[in-house]
Each structure stands twice: as structure tokens, then as C-alpha cells.
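The paragraphs below go through one protein model step by step. Please keep the sequence and the coordinates open while reading.

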Amino acid sequence: MQEKLQAIVSETESALGSVEDMPGLEQLKASVLGGNGSLTVLMKSIASLPPEERPAFGQAVNKVKNHLAELFKNAVSDLNSAADAKALGEAVDVTLPPPGNYTGGLHPLTLATREVVSIFRAIGFTVAEATEVESEWFCFDALNTPEDHPARDEQDTLYFPAETRFGNVQGKADEAFVMRTHTSSVQIRTMMEEQPPIRVIAPGRCFRRDTVDATHSANFHQTEGLFVDRKVTIEDLKAVLDHFLRELFGKQVKTRLRPSFFPFTEPSFEVDLFSPNLGRLSNQWIEIMGCGMVDPAVFDQVGLDTGEWSGYAFGLGIERVAMMLHGIDDIRHFYQNDQRFLKQF
Ligand code: DAH
């Protein structure tokens with residue numbers, strides 16, 4: 001009798017393991033506990049036992065019955081949870097907490113901006129910001145950029161209709177407004193608000209009427225730098241930029257200043273970088289940023305005495321920095337919000 005009871009338990013346990021749905025479970029339950037079920041039939045055989053063995057046998061059968069009832073109850077709730085999980089897999093329930101522990105992250109352009117800014121903050125620069133809408137005077141005239149300069153062409157700059165005005169952006173005269181084409185306008189806003197000495201870094205979004213391709217985007221990011229003090233020299237400029245580029249790209253980089261032209265700096269330079277470990281761009285001179293000594297014509301525009309004050313300025317593209325740091329070959333990756341790209345940072 002005991003062996004028969006034990007056999008019913010182990011058969012039921014192993015059959016439960018392969019039950020796939022509620023009808024299967026009901027069927028199994030009936031075949032054990034139902035009117036003609038194996039346990040019920042065994043229980044009825046109690047009549048054939050000698051009376052003194054009956055109580056012990058009855059107790060043993062009841063114990064097994066309770067144990068099996070418990071197993072069936074658990075199996076029902078397992079089946080229900082499995083069905084829920086399956087239904088949720090098909091239709092996403094947006095009210096559930098996200099699976100895994102991915103909590104989002106910072107965009108590679110945010111990370112690059114923060115890295116650049118933190119290097120300059122460590123040597124005494126503070127962060128300056130201004131609006132992305134800018135008046136023509138701040139974006140061009142005050143930066144010594146003549147009316148007929150190609151940057152001011154409607155093919156390069158996004159202009160607002162002549163009569164458009166913005167409550168939070170003060171222009172200088174009765175002039176048109178633009179989406180700023182560079183962060184250099186923040187130089188002017190800073191010098192009109194603060195007295196020198198000035199050391200600012202101005203990261204921000206810029207806009208140009210560019211056709212989008214692997215290296216151009218109509219919306220991109222720059223960081224401007226401005227240093228104004230007494231007796232500032234090109235040596236000061238070169239020392240700070242060397243420090244910055246070595247912090248960013250590694251101690252082994254070499255730099256050089258190459259003569260160039262910008263309306264707001266005189267002399268002006270392009271900064272080139274040479275590094276043994278920049279992937280595809282290793283071991284060749286690569287242009288990284290523009291810079292120069294603040295043109296006295298700019299100081300005149302903001303009312304600073306050119307006999308007393310001198311300074312340097314520089315500007316660099318954040319996308320370019322991020323692309324060089326991570327070996328990214330197409331600027332469009334930054335704006336497509338593809339998780340496969342973004343998750344790498
Ligand atoms: N504004 C320039 C551009 O968008 C970059 C630049 C060059 C900024 C030289 C500067 C500078 O401050 O000195 O191309």
C-alpha cells in the first residue's frame with residue numbers, strides 16, 4: 001500500500017512538470033483526485049484492509065491528498081503567471097517599470113562638452129551662455145565682420161524676417177535677427193556685461209544653412225573661449241591651448257599654429273594637432289580649431305580701451321572633438337537617436 005501511495009506521488013509530480021495549459025492540468029488533477037482517480041481508487045481499497053491497519057492507512061492517504069492538492073494549486077498560479085508574461089511580451093504595458101537596470105545616459109555631445117568645459121574650469125575659466133537667437137550686430141558687426149562677408153550671406157545664415165523681434169534678446173540697433181552661426185557672439189555679450197579680466201568658455205548650439213552630409217549639419221555645437229587681461233601674448237594663447245589639447249587627447253599630442261584669417265582676431269590661426277593614437281587620423285596634422293588675438297576693432301565696439309586691454313579668443317566644434325575622440329565617421333549619428341549608437345557612451 002505504502003509503495004502504491006509513493007508511486008502515485010512521484011507519477012503526479014513528474015506529470016505536473018510537463019503540463020502546458022489549464023485543460024492539461026484539470027485532466028491530470030481528475031486522473032488522480034477525481035471520482036475514478038488513482039488516489040480515490042486506492043482510498044476505496046481501505047475496506048479490504050484488516051481493521052487495525054485502516055486508521056494509519058487513512059492518515060497516510062490524507063497526507064498525500066493534501067500534498068497533491070497543494071501542488072495543483074501552485075501549478076495553477078504558475079500557469080497564470082506564464083500566460084501573463086506571454087501576453088505582455090506581445091503587447092507592451094508602458095506602465096510597468098523598465099526591465100533591466102538601463103537608466104538612460106548622457107549624449108556623447110553632452111559628454112564631450114562637459115569634458116572640454118571641465119578642462120578649462122580647472123584653469124580658472126567660467127562658463128558663459130547666451131541665447132541661440134542672436135541679432136546681426138552681436139553675431140557679425142561687433143565681431144568686425146563686414147556687411148559683405150560671405151558668412152553673412154543668406155545661403156549660409158538663417159535669418160528671421162526683418163520685422164521679427166524677441167522679448168528676451170536685445171539687439172544693438174534696428175537690425176535683423178539670426179540663428180547664431182557661431183558662439184563668438186557670446187564674446188561680445190560677455191565683454192558688454194563684465195569688466196576685464198575675463199576668462200570665459202561658452203559652449204552652445206549653432207546653426208548654419210548647410211546641406212547635411214557626413215561632416216556637415218545645419219545644427220551643430222561649438223565652444224568659444226575668451227581671455228582678456230593686460231599684456232596678453234600669443235605665448236599665453238599657445239600655452240593654454242597646448243594644455244587643453246593634451247588634457248583632451250593625451251600627453252603625446254603635438255600642436256602647431258598655422259596662420260589663418262578671422263575678422264575678429266588679428267593675428268588669426270588654425271590649430272593643428274598631430275597624434276600617434278587617433279585611429280584613422282593618427283600621425284598626420286589635423287585641423288582642430290580656430291584662434292587668435294582679439295582684434296582691437298572688437299575692443300572698440302564694446303568700449304574697452306585698447307591701450308590697456310588685450311586678449312585671445314578661440315573656437316572649436318564639439319562634434320569634431322567627439323568624432324575624433326571616438327573614431328566616429330559620420331556626424332549624422334549624433335542626431336538619429338539610434339540606441340545602438342548611443343548605448344556605447
Ligand atoms: N567663430 C569661428 C567659426 O565659427 C571659430 C573661431 C575662430 C572662434 C577663431 C574664435 C577664433 O574665437 O578666435 O568658424
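How many of the 10 residues of β4 are buried? The count is eight, and β4 is mostly covered. This comes from a predicted model, and local features are described where pLDDT is at least 70. The strand β4 is a convenient place to enter the sheet.

The sheet is open and has seven strands, in the order β1-β4-β5-β9-β8-β7-β6, with mixed pairing. β1 (126-127) and β6 (254-262) are the edge strands; each has a single partner, so one side of each has no neighbour in the sheet. In general, strands of a sheet pair through backbone hydrogen bonds, in a parallel or an antiparallel way.

Starting from the β1 edge, β1 and β4 run parallel and are joined by two bridges. Within this pair, Val127 has Ile201 of β4 as its bridge partner. The next pair, β4 with β5, is antiparallel and spans 10 bridges. Here Arg205 is matched with His221 in β5. Strand β5 covers residues 219-229 and is joined to β9 by eight bridges, again with the two strands antiparallel. Phe227 has Tyr312 of β9 as its bridge partner.

From the other edge, β6 and β7 run antiparallel and are joined by eight bridges. A hairpin of two residues connects β6 to β7, and Pro259 stands opposite Phe269 in β7. β7 then pairs with β8 in the antiparallel sense over seven bridges, with Glu287 of β8 as the bridge partner of Asp272. Eight of the 10 residues of β7 are buried, so this strand is mostly covered.

Next comes the packing of nonpolar side chains. In soluble globular proteins, such side chains tend to be buried together. The largest nonpolar core of this model has 39 residues, and the members that touch the most others are Phe244, Phe249, Ile288, Met289 and Tyr312. Helices and strands both contribute: α5 (108-121), α8 (234-249), β7 (265-274), β8 (286-294), β9 (310-317), α10 (318-326) and α11 (339-342) each supply at least two residues. The greatest share comes from α8, with seven residues. Phe244 shows how these parts meet: leaving out residues up to four places away in sequence, Phe244 touches Val116, Ile119, Phe120, Met289 and Leu316. A second core is separate from the first and has 21 residues, among them Phe138, Ile198, Val200 and Ala313.

Helix α7 is the next element to look at. Why is α7 described as largely enclosed by the rest of the structure? Seven of its nine residues are buried, so the helix is largely enclosed. The buried residues are Ser185, Val186, Gln187, Ile188, Arg189, Thr190 and Met191. Their cover includes β2 (133-135), α6 (136-139), β4 (198-207), β5, α9 (296-301) and β9.

Two residues show this packing in detail. Ser185 belongs to α7, which spans residues 185-193. Its relative accessibility is 0%, so Ser185 counts as buried. Apart from neighbours within four places in sequence, Ser185 is in contact with Glu134, Phe138, Cys139, Leu143 and Arg180. Of these contacts, Glu134 is placed in strand β2. Glu134 also has 0% relative accessibility and therefore counts as buried. The side chains of Glu134 and Arg189 are joined by a polar contact of 2.7 Å. Beyond residues up to four places away in sequence, Glu134 touches Cys139, Val169, Phe177, Val178, Arg180, Ser185 and Arg189.

The last part is the ligand. Around the ligand there are 15 residues, of which His182, Ser184, Arg208, Gln222 and Glu224 come nearest. Some polar atoms of the protein can be paired with ligand oxygen atoms. A polar side-chain atom of Gln187 is 3.2 Å from an oxygen atom of the ligand. For Ala313, a backbone N or O atom lies 3.1 Å from a ligand oxygen atom. For Phe314, a polar backbone atom is 3.3 Å from an oxygen atom of the ligand. The ligand taken alone exposes 350 Å², and the protein buries 88% of that.

Several residues return in more than one of these settings. Gln187 is among the buried residues of α7 and has a polar side-chain atom 3.2 Å from a ligand oxygen atom. Ala313 is included in the second core, while a backbone N or O atom of Ala313 lies 3.1 Å from an oxygen atom of the ligand. Tyr312 is the bridge partner of Phe227 and one of the members that touch the most others in the largest core.

Methods. Residues are numbered from 1 along each chain as its sequence is written. This is a predicted model: local features need pLDDT of at least 70, side-chain atom pairs count only at pLDDT 80 or more; totals for chains, interfaces and linings use all residues. Side-chain values use heavy atoms; hydrogens and water are left out. A nonpolar core is a set of buried Ala, Val, Leu, Ile, Met, Phe, Trp, Tyr and Cys residues joined through side-chain atoms within 4.5 Å. Buried means under 20% relative accessible area, exposed over 50%, partly exposed in between (1.4 Å probe, protein chains only). Helices (H or I, at least four residues) and strands (E, at least two) are DSSP runs, numbered from the N terminus. Contact means heavy atoms within 4.5 Å. Two strands pair if DSSP finds at least two bridges between them. A residue is near a molecule or strand if one of its heavy atoms lies within 4 Å of it. A polar contact is a pair of N or O atoms within 3.5 Å; within protein, one must be able to donate a hydrogen and the other to accept it, and residues adjacent in sequence count only if both atoms are side-chain atoms. Accessible areas come from the Shrake-Rupley method with a 1.4 Å probe; for residues, only the protein chains shown count as cover.
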